[in-house]
Amino acid sequence: MKTNKLEKDWWKKAVVYQIYPRSFQDSNDDGIGDIQGIISRLPYIKKLGTDVIWLCPVYASPNDDNGYDISDYCDIMKEFGTMQDMDELLEKANAMDIKIIMDLVVNHTSDEHIWFKEAKKSKDNPYHDYYIWVDGEEGVLPNDLKSDFGGSAWEYVPACGQYYLHFFSKKQPDLNWKNPKMRKEIYAMMNNWIDKGISGFRMDMIELIGKEPMQMIRENGPKLHTYIKEMNAATFGKANLLTVGEAWRADIEKAQQYSNPDGSELSMVFQFEHMKLDKQPKTPKWDVTGLRFQELKEVLSKWQYGLEGTGWNSLFWNNHDLPRIVSRWGNDGKYRVESAKMLAMVLHGMKGTPYIYQGEEIGMTNIALSDIKDYRDIETLNMYKERLEEGYTQEEIIHSIHLMGRDNARTPMQWSDCEYAGFSKHEPWLCVNPNFHEINVDQALKDKHSIFYTYQKLIQMRKEMEIFSQGDYHLLDTSDQIFAYERNWNNQKLVVIANFFEKPCAFPDMDIEGMQVLLHNYEAMDGKQLRAYEAMILYKK
């Protein structure tokens with residue numbers, strides 16, 4: 001099956017819905033979400049209005065890092081189903097005009113991939129050079145590079161008398177992108193998926209593939225963009241697909257390279273500068289402070305200005321690695337609905353491609369588990385062990401996990417107030433958030449004022465009003481509480497005004513006479529003050 005002929009840069013008007021398959025919908029009652037579960041929920045995604053699914057990894061994997069450790073790129077994890085199920089998902093999504101982009105990990109594989117099984121046998125094995133090796137003596141590390149999941153980034157293999165590099169788990173050895181044969185195999189695999197009918201790729205940790213470990217270079221190595229250009233020319237560049245790279249260390253200049261309008265690299269990148277503004281500078285993500293709101297406005301505006309005409313922005317608050325935004329920067333108690341709608345309006349009013357993470361559209365919240373045994377995330381479990389050894393108290397560590405742990409995003413999707421939130425009839429692989437009785441899809445669909453319908457309206461407006469995808473951006477207000485900006489295009493004006501906090505504040509001094517209210521998270525506008533988390537989108541033609 002081939003993808004349909006699409007308008008150039010079609011993804012500029014698209015809205016993407018991210019699915020974490022393990023937690024989305026279980027169809028066979030084993031407590032684990034699967035592909036047939038996703039198929040059963042396609043009508044829901046269609047109702048929301050999103051036209052693209054970003055599917056987190058479903059490839060064969062021993063699941064050391066929830067599928068981001070791939071043992072076979074051309075097979076499906078048995079817990080999720082079969083390749084026939086995947087073909088059915090593509091066919092049925094295509095019939096609903098829903099495109100699917102695959103999450104692709106080409107920085108590393110699983111240590112159970114056939115390439116690595118062969119590579120570790122000896123230095124002379126044909127697959128040995130598919131990975132990064134350094135001669136050494138056991139116990140004497142090549143250098144001080146660290147794994148993102150804790151400990152050294154080097155692991156010794158006695159059979160070879162060498163260390164291999166792993167920037168994540170030791171079960172995730174890094175691929176050697178200097179090897180042209182390895183690169184050709186990656187490109188052939190990507191083309192196989194393109195031929196199946198997918199509409200693009202989300203490229204996991206793409207900024208690492210140009211690494212020079214013996215020079216202590218992780219991200220943004222000297223040949224990074226050479227490799228991406230080669231990949232583009234050999235695979236998706238000729239197919240008009242959506243491609244987004246995960247790039248934690250990207251700045252404006254690098255993002256302009258990645259998302260150059262000439263189409264030589266990617267459609268866009270995920271950069272995370274705005275998502276670091278509630279932690280202490282130059283510390284791990286677990287060391288949380290309050291949101292630096294002025295910096296948030298400055299950073300988001302910087303990216304809007306910086307990529308105007310020279311690249312393209314991705315717009316997101318949430319993903320499978322981040323805590324729930326309504327718990328993080330909103331109010332997941334009394335003002336959960338108002339703050340979730342406010343955050344949605346601020347983000348979706350900007351220029352770029354918006355991404356919605358499953359459950360965001362109904363205001364799902366963080367989960368506070370008291371026992372570390374209830375958590376599943378490898379990063380969280382490793383951090384807990386390390387910080388205990390460093391002298392942190394158990395209470396301090398659990399508090400950080402409640403705020404920033406990745407399992408906050410991975411609790412099962414809350415479909416109903418039935419047992420296990422309608423996700424499964426079997427105890428799920430990860431605890432369901434206890435608030436599923438109040439926060440669930442069934443409840444949201446019954447309430448015409450729910451968060452769901454705010455997201456639906458935002459998606460509809462982006463499809464129908466070109467100012468959302470085409471208009472330029474200008475920051476309007478610099479108060480301590482208000483985020484306000486305007487978009488202008490073809491003699492049209494769009495204004496977004498939002499109180500980011502619970503405390504009411506004076507309405508900003510700006511001319512909104514004659515402007516139509518497109519969307520508002522309260523029933524009526526006061527005009528003199530902004531109530532707790534009040535937000536609106538105004539329009540004038």
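Author: Contact here means heavy atoms within 4.5 Å; axes are lines fitted to C-alpha atoms, for helices over the stretch in contact, and angles run from 0 to 180 degrees between N-to-C directions. This is a predicted model, where local features need pLDDT of at least 70, side-chain atom pairs count only at pLDDT 80 or more, and totals for chains, interfaces and linings use all residues. Residues are numbered from 1 along each chain as its sequence is written, and side-chain values use heavy atoms, with hydrogens and water left out.

Reader: Okay, which strands does helix H10 lie across, and at what angle to S16 does H10 run?

Author: H10 (residues 336–348) lies across S15, S16 (492–499), S18 and S20, running at about 145° to S16. Helices (H or I, at least four residues) and strands (E, at least two) are DSSP runs, numbered from the N terminus. Helix H8 (residues 293–306) also packs on the sheet, touching S14 and S15 (482–489), with its direction at about 155° to that of S14.

Reader: What makes this an open sheet, and which are the edge strands?

Author: The order is S14-S15-S16-S20-S18, with antiparallel pairing. S14 (472–475) and S18 (516–520) each pair on one side only, which puts them at the edges. On average, neighbouring strands are turned by 20° against each other, direction ignored.

Reader: How do you know that S18 and S20 pair?

Author: Two strands pair if DSSP finds at least two bridges between them. S18 and S20 (residues 535–540) have 4 bridges in the antiparallel sense, so they qualify. One bridge joins Gln-516 to Tyr-539 in S20.

Reader: And what makes S13 mostly covered?

Author: Buried means under 20% relative accessible area, exposed over 50%, partly exposed in between (1.4 Å probe, protein chains only). In S13 (residues 353–357), 5 of 5 residues are buried. Thr-353, Tyr-355 and Tyr-357 point one way, Pro-354 and Ile-356 the other. S13 also pairs in the parallel sense with S1 (residues 16–19) over 3 bridges and with S12 (residues 314–315) over 2 bridges. Val-16 stands opposite Tyr-355, and Ser-314 opposite Thr-353.

Reader: How do you know that the span of H5 is close to the one expected?

Author: The expected span is 1.5 Å times one less than the number of residues. For H5 (residues 180–196), with 17 residues, that gives 24 Å, and the helix reaches 25 Å from first C-alpha to last. Among its buried residues are Ile-186, Trp-193 and Lys-196. Just after H5, Gly-197 takes a positive phi of about 115°.

Reader: Which members of the largest nonpolar core touch the most others?

Author: Met-86, Ile-186 and Trp-317, out of 145 residues. Such a core is a set of buried Ala, Val, Leu, Ile, Met, Phe, Trp, Tyr and Cys residues joined through side-chain atoms within 4.5 Å. Not counting residues up to four places away in sequence, Met-86 touches Ile-35, Leu-55, Val-58, Ile-76, Met-102 and Trp-193.
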